[in-house]
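Here is a short tour of one protein model, written to be read with the structure open beside it. Please have a look at the fold before reading on.

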Amino acid sequence: MAWAAEPVVSRGPGTRLGTAAALAVLVVLLGPLLAVAWRAEGWAGLRASDWGALRFTLWQAACSSALSVLLAIPVARALARRRFAGRDAVVLLLGAPFILPVIVAVLGLVAVFGRTGPIAWIAGLAGLDPPSIYGAQGVILAHVFFNMPLATRLILQGWQAIPGERLRLAAALGFGPGDTFRLLEWPMLRATVPGVALVIFLICTTSFAVALALGGGPRATTVELAIYQAFRFDFDLGRAAALGGVQLALGGLAAFAALRLTLPSGFGAGQDRVVPRWDSSGPLLRGQDGGVIALACAFLLLPMVLVLAEGALHLTNLPAAVWTAAARSLAIALGAALLTVGLALAMAVAALRAPWVEAAGTLAVAASPLVLGTGLYLLLLPLANPIAFALPVTLLVNVVLALPFALRALIPAMRELDADYGRLSASLGLTGWVWLRRVGLPRLRRPAGFAAGLTAALAAGDLGVITLFATPEQATLPLMLYQLMGSYRMEEAKAAALLLVILSLGLFWLFERGSRDA
């Protein structure tokens, strides 16, 4: 009877280990935040420029999320209505910006929209001044580049969730494209879009690398960038902590709103979802959908093609310092992947009995890397020179920030494993490490490999807390790339960008592919 009432897999030392891991994560997450709150000087510690940074953060996040969603809707609709060769590759491409190093994408956007790029050339032919990639417009453009694909994937899920019976009934009633949109698609969008927009708003409020590379100046400074400037240039820890408190409150409110805002779609369940779209068979609509998909692919691919193709020409000419920085990034990525997967496995076992463990692991969704870095600096300062811990702190922050994604991959798989093999394992007396080696790991290798690959890719391309701590001798590859861009060594920067893409995507592919072939 006990087997039916409680999870079997969570019996034994695994639960205690997972609970201890969750408590350790809470300490690492909340300790720096408390240190920031304790050191903060309150609202009196903020300058007029800091309030301007807060206004700009909210404004650019609202613009970025609105544009990302508005551009994603026609792309998602076109993908939902069309079946064509290469469609799976296009959908896969929409997920690439999530694991693409931010600083590489920024360099790609500069190559396209900068003064020597094709957009400036076209503007010159038309007798117009070339647009500037720097400032508010550059920050918003980069955020749309990263978040429009995410919005497309999420909204596409909403389109695919419309029950097939509703579409068949609409076809039988002779609905045209306008009727279908008004009565079926618009209710889905009304239920889906607000949550998607809030998620993207949250991402944009905590974006740092984009603002560091393309923002700056009194009119294009985010709260994250203001923290960096107060910390790195002024070494005003009180002001940095006060800004960290503002950023923490901003991210927490956005995350709470994103989690709470859910609207019912009113569709109900359906038997299947594969229904030919009768309402989009005309040549005009086919051309419209094809053009939308082609423009989206060009927007995502052209920056990367320009950077990586030129970088390949100079890859062998990179200085030794870049290769050394790449080795540091590789070490951080591998360490973060192993630690994150180990913690996530232990916490996934414990989460079967204690749901709070999962909640503890996902708190980092609302955390800011720079706020965590500032808090860790404040905690280390009385004990030792924080600069000496630049690489370990970078690794630790990446583990905490990647943990929510790893848990989302492993916890559902762990619940399914418990339902399928829990009773059999208990009857054979398989617990602890024996169970993990013989039952758990062989069946969890795919989600674990995905989590490890994602963590390694994100950690290898991270340009966040390392900017607070590192000296030039401690630079990781993303920081080295940013320094090359800042010194206008663009040929070397593009070669370093190619190396970073190879490192990040290669690690993701190796972990994910290795887990499938194991």
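The sections below visit a pocket, two loop residues, a helix pair and one helix residue.

## The second largest pocket

Keep in mind throughout that this is a predicted model. Its second largest pocket has a volume of about 580 Å³. The lining is made up of 23 residues, and those nearest the pocket centre are Val-110, Tyr-134, Met-485, Tyr-488 and Met-490. In character, the lining residues comprise 14 nonpolar, 6 polar and 3 charged.

Which helices each give at least two residues to this lining? They are helix 5 (102-113), helix 10 (209-214), helix 13 (283-313), helix 20 (477-486) and helix 21 (490-517).

## Two loop residues with positive phi

Tyr-488, already met among the residues nearest the pocket centre, sits in the loop between helix 20 and helix 21. Its backbone deserves a look: phi of Tyr-488 is near 60 degrees, a positive value in a residue other than glycine. Is Tyr-488 buried or exposed? Tyr-488 counts as exposed because its relative accessibility is 70%, and the cut-off for that class is over 50%.

Phe-235 also has a positive phi, near 45 degrees, and is likewise a residue other than glycine. You will find Phe-235 in the loop that links helix 11 (223-232) to helix 12 (237-260). With a relative accessibility of 44%, Phe-235 is classed as partly exposed, since that class lies between the 20% and 50% limits.

## Helix 4 against helix 13

Two packed helices are described by the angle between their axes and the distance between the axes. For helix 4 (residues 87-99) and helix 13, the axes come within 11 Å and cross at roughly 35 degrees. The crossing of this pair is left-handed.

Which residues make the contact? From helix 4 come Val-90, Leu-93, Leu-94 and Pro-97, while helix 13 brings Ile-293, Cys-297, Leu-300 and Leu-301. The contact between helix 4 and helix 13 consists of 8 nonpolar residues, with no polar and no charged ones. Helix 13 is also one of the helices that supply at least two residues to the pocket lining described above.

## Ala-170 and Leu-183

The last stop is Ala-170, a residue of helix 8 (residues 164-172). Ala-170 counts as buried because its relative accessibility is 2%, and buried means under 20%. How far apart in space are Ala-170 and Leu-183? Their C-alpha atoms are 9.2 Å apart, and in sequence the two are separated by 13 residues.

Definitions and conventions: Residues are numbered from 1 along each chain as its sequence is written. This is a predicted model: local features need pLDDT of at least 70, side-chain atom pairs count only at pLDDT 80 or more; totals for chains, interfaces and linings use all residues. Side-chain values use heavy atoms; hydrogens and water are left out. On a 1 Å grid over the protein atoms alone, a cavity is a set of points where a 1.4 Å probe fits but cannot get out, and a pocket is an open set with protein on both sides within 12 Å along at least five of seven lines; lining residues have an atom within 4 Å of a point. Grid points are joined across faces, edges and corners, and a volume is the space filled by probe spheres set on the points. Helices (H or I, at least four residues) and strands (E, at least two) are DSSP runs, numbered from the N terminus. Ala, Val, Leu, Ile, Met, Phe, Trp, Tyr, Cys and Pro count as nonpolar, Asp, Glu, Lys and Arg as charged, and the others, Gly among them, as polar. Buried means under 20% relative accessible area, exposed over 50%, partly exposed in between (1.4 Å probe, protein chains only). Axes are lines fitted to C-alpha atoms, for helices over the stretch in contact, and angles run from 0 to 180 degrees between N-to-C directions. A crossing is left-handed if the near helix is turned anticlockwise from the far one by less than a right angle, and right-handed if clockwise. Contact means heavy atoms within 4.5 Å.
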